[in-house]
Amino acid sequence: MKALQRRTLLTATAVLATVGLAVTALPAQAAEVGVTASQIKLGMTLPMTGTASLGYNKIPGAAKAYFDYLNANGGINGRKITLVVKDDRYVPTEAVAKTNELILKDKVMALLAPLGTANVKAVATSVNPARRGVPVLFVNTGFSGFADTKKYPTTYTVLPSYIMEAKIMGEYIKENFAGKKIGLLYQDDDFGIDALAGFKTAGVNFAVKVPYASGSQSAASAAGWITKFKAAEADVVILFGVSSATSAMLGTAAQLGYKPQWMLGSVGGDATTIKLTGVPAGVLYNAIGFSPVPATTDMTDEYVKFFSDIYAKAVPGSAFDLNVLLGMNTAFMTAQALKAAGPNPTRKSLMAAIDSKGATFASSALVPAGYSKTSHVGLTGYWVGKYAPTGDLAPIGGTYVTYTTDSGSGPVVKSTYKRPAMPAKGLPN
Amino acid sequence: MQLLNTLLIGITAGSIYSLMAIAFVLVWRSTRVVNFAQAGMALLSTYFGYEAVSRLGSFWIALPVAMIGGALFAALVELVLMRLLVKHASSGPIAGVAPIIATLGLLGVIRSVISMIWGGQDLRIVAPISNNGFTINGSTLVFSPLKLLVLVVVVVLLILLSILFQKTNLGLALRASAHAPEIARLSGVRVDSVRTLGWALAGAAGAVAGLFQTVNGNGNFSPDSIDFSLLLVSGFIAAVIGGLDSLLGAVLGGLFLGISISFVLMYISSGLFFIAPFVILLIVLFVRPQGIIGVKAGRRA
Amino acid sequence: MHKSKKQSTHLPLFILGGIVLVILSGIVDELRVYQGATIAVYVIAISSIILLTGYSGQVSLGHGALMAVGAYAAAVLRAEFNVPIILCFIAAVLAAAVGGTLLGAAAARLSGPYLAGTTLALAIGLPSLANQFPILGGEQGLAFDVGFPPLALGEDFTQYKWYFWIAALAALISMWSVRNILNSAYGRSWRAGRGNEVAAQLAGINTARSKVLAFTISAGIAGLAGALLAMTIGTVSPSAFPLALSFSLLTGAVLSGISTLGGVIIGSVVLVAIPEIADVVAHRLGSSESVTTNLPGLIVSGLLILTVLFVPNGPVEQHRARKAKHEAAHNSTKK
């Protein structure tokens with residue numbers, strides 16, 4: 001009797017211990033918010049409607065196109081990626097409200113590619129993803145401040161900063177247009193202020209600077225801007241604005257027979273977007289352009305070819321432009337980060353993966369990324385090209401010449417970076 | 001040269017504001033309502049025009065199609081929305097603001113529905129004639145055959161409407177219904193139909209403004225085009241400067257606004273784009289509260 | 001109903017309301033607490049519209065700009081001079097009130113559509129001015145940090161709950177003030193002027209001054225709402241005060257009943273709830289992306305038109321009017 005009791009007790013203990021082990025093991029498997037055995041949930045807010053949405057509203061479709069392809073090919077260790085997209089209309093109040101929904105209601109694992117400096121800042125202060133430990137991957141702005149890991153410890157930038165771009169432009173001007181009269185068109189907000197700071201570091205003096213209020217760019221405004229550049233007799237005119245400003249400027253210049261040496265910033269320099277607004281290709285010809293990624297029309301580039309094929313199948317009839325390429329590239333980098341975050345990715349392991357391996361992730365960019373344990377700086381430079389007679393940006397002399405720099409007072413140097421080849425089938429390995 | 005071009009830029013922008021201001025005045029004269037959905041209606045007409053261009057291939061056919069479409073839609077709005085409004089919301093604290101609120105609501109509905117039907121992306125209408133600037137002594141002016149056409153259209157429209165109002169019985173009825181609806185009714189004028197007609201005319205004028213604003217730019221438009229928000233604000237300000245009751249005033253107001261904005265942006269700062277119209281409006285209201293052309297009590301409608 | 005209590009200020013009622021809100025904030029989840037704070041901000045902003053439009057008969061499409069004035073005043077004092085938070089809120093009220101007085105002085109010469117147009121131009125123009133002055137932080141904006149909740153409230157007390165408490169307290173105080181202003185001699189003079197300006201003038205009311213005063217008070221309240229809005233998003237930037245905000249406030253006021261202060265909660269809740277409702281509807285219908293993204297806008301605008309057409313003076317007023325009609329009919333049959 002006593003023996004039996006003891007045996008029962010032993011068995012019971014053993015059973016309990018096994019169950020206990022199993023119980024403690026289970027939550028480890030589904031420990032992270034937004035991650036289940038079959039799914040990883042990510043969230044994105046950006047303007048889908050409103051004046052600021054034009055072009056950017058293609059980003060979710062682009063990211064989803066890649067994630068769908070990835071999911072159809074096994075996902076990340078069997079987990080499918082779900083992207084929840086919310087419209088913030090480019091209004092900070094909305095961005096905060098929608099990000100709160102993403103984190104508190106939809107319970108996403110990480111935030112992806114939020115857009116707009118004011119929005120990202122408002123979210124950082126109010127929602128405070130850092131305090132909640134939520135990663136903010138690859139913010140879609142060139143504002144250099146977000147690389148500050150003390151203020152934004154869970155935020156990662158991806159685009160090179162506006163300051164870097166202005167410095168590299170300045171270097172190019174010094175080498176090629178010394179003594180010429182330079183004109184600058186810029187947006188009269190942070191976008192432009194960062195640019196001015198970069199040009200100052202580079203020591204560029206302008207014969208004429210024309211600011212424009214964000215949202216005021218139109219053909220009618222451009223006629224006024226051109227009149228100013230003409231009056232100042234500028235030889236080189238830098239367009240450091242958004243696509244609609246570049247389009248308005250080039251389209252109107254064509255009508256007015258105005259032909260300075262154009263130099264286009266990367267934000268507003270995507271040939272596909274510009275040509276879609278009716279700007280004749282000939283106007284773009286010989287303009288100087290800058291980009292961190294290859295031209296979206298360069299089908300000899302393995303990344304561009306791969307992404308544009310997927311996109312054409314996923315969103316038929318939609319033009320493959322810079323926003324689409326960047327959107328898909330961000331999704332591609334996110335997938336690699338999730339894969340590198342281990343068999344059961346957590347928010348912490350995801351960020352640790354970018355810190356340790358982010359700089360070696362495959363990406364269409366032709367310039368290196370600066371991710372490390374101490375830096376959340378994304379891409380660090382540009383290649384310089386000229387627009388061909390077809391209106392597409394192409395490397396000068398056929399080979400990509402890339403420059404890298406930082407957002408501070410560091411020098412501009414020619415880079416020897418060779419980007420990683422695309423992994424098999426475009427899937428993270 | 002810079003001075004001349006600044007003036008030309010102002011005149012072209014102003015002539016399109018004039019078209020819009022004419023639309024505001026037509027509605028105001030017929031129903032004493034400021035139609036804040038006017039720019040939305042112009043946008044919708046532009047989509048009608050776009051459909052016509054892409055099907056029939058000609059801007060010159062699309063223009064009347066858009067005008068008729070715009071007129072029919074405006075008439076429909078007056079018949080349904082405005083009459084219900086008069087019936088239900090003409091008493092109580094809401095009465096003074098009901099039309100403003102209703103037309104703002106309509107603006108939102110039009111914008112959302114357009115986005116649902118045509119999507120949010122840019123569509124494009126190509127200009128019917130060249131928009132390349134005239135060249136004098138080897139320098140190109142900011143003035144082109146297309147811009148000349150816009151000016152001509154404004155003048156023709158102004159003349160036609162003036163004839164309609166001053167020389168025809170219909171015009172008499174229009175004026176009578178606006179100024180003394182009860183007396184007009186007693187003398188056999190069908191005041192309600194005349195009001196609808198006023199809206200229809202405004203819808204047609206708005207369609208012209210929308211199409212020309214589009215082709216005079218780079219031809220692109222979308223539900224969120226700033227060009228159309230601009231039409232709303234600038235057209236309205238132009239109408240107010242002109243006295244809100246006068247067609248000639250609307251045209252002069254539009255030109256005055258266009259030219260003064262152009263000079264502010266050129267010689268003060270191009271960053272003052274959004275605040276300039278407000279300041280110009282305030283100055284006009286203080287210096288000449290009755291508008292360029294307008295009766296003394298005009299502001300207190 | 002409480003005709004006999006006309007002299008009372010209903011203070012106990014507002015205190016009770018406060019206690020209910022405090023208890024409520026402890027029960028609901030963090031997202032709802034955040035939305036509660038937004039609702040409180042809307043309550044304040046919409047009550048400023050109701051005071052101006054419903055009582056004094058002046059329409060403003062530019063209250064978003066006045067909110068911006070208040071928000072910037074508070075944020076600059078906080079960021080540049082580290083002024084205590086309570087003083088920042090008071091400064092927001094004062095700064096916007098000064099702006100409102102200026103606007104009101106211009107407005108007293110205008111009416112109806114002229115006023116609507118002028119304030120519309122203001123709503124579009126003013127926020128963009130922030131880019132012209134570096135102290136205002138440009139497009140990315142200025143941080144506005146009210147600080148962490150006091151430790152005495154406990155470790156689990158979230159930032160959003162703190163925002164909610166501040167916003168709810170401000171909402172109760174401003175509702176109480178507005179209510180008492182509306183029941184004062186000023187309130188009566190506004191209503192008199194709204195009904196018949198000439199008659200009011202004959203009765204010895206200086207309608208012009210009374211209108212400017214209404215604008216001043218309304219703007220001050222809007223300024224407070226602006227500063228609180230900035231608190232909930234932690235920053236002030238031009239893009240936080242778009243034209244759409246001014247339109248939303250007017251929509252909220254109409255939904256609340258343009259002249260019924262008590263209805264203000266209806267409009268505020270609806271404004272916050274619509275996007276979520278639209279989301280659910282769109283997913284139920286499984287509609288395309290262009291429909292989904294534009295559904296909230298369509299619902300708000302459609303609701304606005306329907307309300308103006310069918311419940312023009314708001315649900316509360318409508319009910320009251322029907323009741324009055326009923327009673328009148330009842331009385332006449334008695335006679």
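Start by colouring chain C by confidence: helix H13 (residues 314-334) of chain C has the lowest mean pLDDT in that chain, 67, while helix H3 (residues 63-81) of chain C has the highest, 94. What you have open is a predicted model, with an ipTM of 0.86 and a pTM of 0.87. Averaged over chain C, the pLDDT is 84, and 93% of the residues reach 70 or more. Now select residues 1-6 of chain C, where the pLDDT is below 50 and the stretch has zero contacts beyond near neighbours in sequence. Where pLDDT is low, the predicted coordinates should not be read in detail.

**Stop two: chain C against chain B**

Keep chain C in view and show chain B beside it. Here 45 residues of chain C are in contact with 42 residues of chain B. On the chain C side, select helix H2 (30-55), helix H5 (112-125), helix H10 (243-256) and helix H12 (289-310), each of which supplies at least two residues. If you want a single element to highlight, pick H12(C), which gives the largest share of that side, 13 residues. Colouring this side of chain C by class should give you 24 nonpolar, 18 polar and three charged residues.

**Stop three: chain B against chain A**

Next, hide chain C and bring in chain A. The contact involves 31 residues of chain B and 30 residues of chain A. On chain B, the elements contributing two or more residues are helix H1 (2-31), helix H9 (226-241) and helix H10 (247-267). H1(B) provides the largest share, five residues. By class, this side of chain B holds eight nonpolar, 19 polar and four charged residues.

**Stop four: the two domains of chain A**

Stay with chain A alone and give its domains two colours: domain 1 covers 39-160 + 299-379, and domain 2 covers 162-291 + 384-414. Their centres, taken over C-alpha atoms, are 27 Å apart. Where they touch, domain 1 of chain A contributes 15 residues and domain 2 of chain A contributes 18. The domain 1 side of that contact is made up of nine nonpolar residues, five polar and one charged.

**Stop five: strand E8 of chain A**

Zoom in on strand E8 (residues 236-240) of chain A, where four of the five residues are buried. Strand E6 (residues 182-187) of chain A pairs with E8(A) in the parallel sense over five bridges. To see the register, label Ile182(A), which stands opposite Val236(A) in E8(A). E8(A) also pairs with strand E9 (residues 261-264) of chain A, again in the parallel sense, over four bridges. For this pair, label Leu239(A) and its bridge partner in E9(A), Leu264(A). Then trace the chain from E8(A) through helix H9 (residues 243-256) of chain A to E9(A): this β-α-β crossover is right-handed.

**Last stop: two backbone angles**

Most residues other than glycine have a negative phi. Select Lys107(A), a non-glycine residue with a positive phi of about 50 degrees. Lys107(A) sits in the loop between helix H3 (92-105) and strand E3 (110-112) of chain A. Now move to Ala113(A), which is not a glycine either and has a positive phi of about 45 degrees. Ala113(A) is in the loop between E3 and helix H4 (117-126) of chain A.

Which of these is buried, and which is partly exposed? Lys107(A) has 13 other C-beta atoms within 10 Å, so Lys107(A) is partly exposed. Ala113(A) counts as buried because 26 C-beta neighbours lie inside 10 Å.

Methods. Residues numbered from 1 in each chain as written. Chains lettered and ligands numbered in written order. Predicted model: local features only at pLDDT ≥ 70, side-chain atom pairs only at ≥ 80, totals over all residues. Contact = placed C-beta atoms within 7 Å. Nonpolar A, V, L, I, M, F, W, Y, C, P; charged D, E, K, R; others polar. Buried ≥ 20, exposed ≤ 12 C-beta atoms within 10 Å, placed from the backbone. Pairing = 2+ DSSP bridges. Right-handed = clockwise from strand over helix to strand, strands pointing away. Domains from an automatic or database assignment. pLDDT = per-residue confidence, 0-100.
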